[in-house]
Amino acid sequence: MRLSQCYALCYSPLVRQSDGSLAVLPPERLLAVAALARSAGVPLVCQASETCLGAAGTMFGHELSGVAPDILVLGGALGGGAVPIGCYFTSAERAYQVYGCSSPAKHGSTTGGNPLSCTAALAALEHAARHKAPERFQALGKQIAGALPEYVSGVVGGIANLRLPDGLDAAGLPDRLLAAGVLTRPPRGRTLTLHPSAATRPQALDAALDIIRRTFDDHHRH
């Protein structure tokens with residue numbers, strides 16, 4: 001597709017590396033994308049649903065790169081991990097380009113503002129601010145790095161990448177950990193990425209990390 005045919009240029013604050021790990025999008029790459037958006041006259045959109053409310057060590061994720069997007073899309077943690085919700089932030093000027101001066105409600109339920117979801121989102125925002133979520137997730141990330149230093153290949157806020165031991169069955173690892181009481185996402189390549197939640201307590205994380213260590217170390221012994 002030619003750039004002239006684009007309506008927007010979108011990015012995520014974290015990008016997947018060739019080894020399967022998650023890392024911060026390099027600022028120089030984002031600056032190049034932002035320059036392309038300006039030259040094409042289209043908005044720069046940040047999809048920060050996976051990194052908002054402190055998960056990546058900043059409140060809304062886009063701060064990681066130091067570039068302010070034209071539109072910020074949030075979801076995921078915004079609903080407290082329990083109630084589905086999505087929203088976006090932009091200037092009134094850009095919103096009027098879509099809706100004119102009439103109510104955004106004419107777009108239907110997309111911007112209807114479901115009361116239950118909005119209440120959950122406001123509660124999640126209040127909780128994140130009151131409990132200093134970015135600092136708390138950073139502490140969880142440091143806890144993971146301190147407990148598994150030989151396996152950790154990188155940490156962003158509370159999100160930590162673990163290198164799998166050579167020969168360990170990556171496909172069967174989530175079921176093996178789940179049977180021991182630890183829920184993880186499937187590895188990408190030879191990397192297991194841990195995503196602590198806002199409800200994660202240091203003591204519970206210690207117990208989970210001990211299970212992961214024993215699983216990895218048992219593989220080495222056998």
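Hi everyone, this is a short walk through one helix, α1, and the chain it sits in.

Please keep in mind that what you see is a predicted model. Let me start with the whole protein chain. There are 222 residues, and 39% of them are buried. The secondary structure comes to 6 helices and 9 strands. If you take the contacts between residues at least 6 apart in sequence, 63% of them join residues at least 24 apart. As for the outside, the chain has an accessible surface of about 12,300 Å², and carbon and sulfur atoms account for 58% of that.

Now, on to α1, which covers residues 27-40. How far apart are its end C-alpha atoms? They are 20 Å apart, and that agrees with the span you should get from 14 residues at 1.5 Å a residue.

Which residues of α1 are buried? They are Leu 30, Ala 34 and Ala 37. Looking down the axis of α1, you find these buried residues within an arc of 55°, so they line one face of the helix. The spacing makes sense too: an α-helix has 3.6 residues a turn, so residues three or four places apart point the same way.

And what lies over that face? The cover on the buried residues of α1 includes two strands, β1 (9-11) and β4 (44-47). Turn to the face away from the buried side, and you meet the exposed residues Glu 28, Leu 31 and Ser 39.

One last stop, at the end of the helix. Gly 41 comes just after α1, and its phi is positive, at about 70°.

Thanks, and I'm happy to take questions.

Terms used
Residues numbered from 1 in each chain as written. Predicted model: local features only at pLDDT ≥ 70, side-chain atom pairs only at ≥ 80, totals over all residues. Heavy atoms only, no water. Helix = DSSP H or I, 4+ residues; strand = E, 2+ residues; numbered from the N terminus. Expected span 1.5 Å × (residues − 1). Buried < 20%, exposed > 50% of the residue type's maximum accessible area, 1.4 Å probe, protein only. Arc of directions from axis to C-beta. Contact = heavy atoms within 4.5 Å. Areas by Shrake-Rupley, 256 points an atom, 1.4 Å probe, with all protein chains shown as cover.
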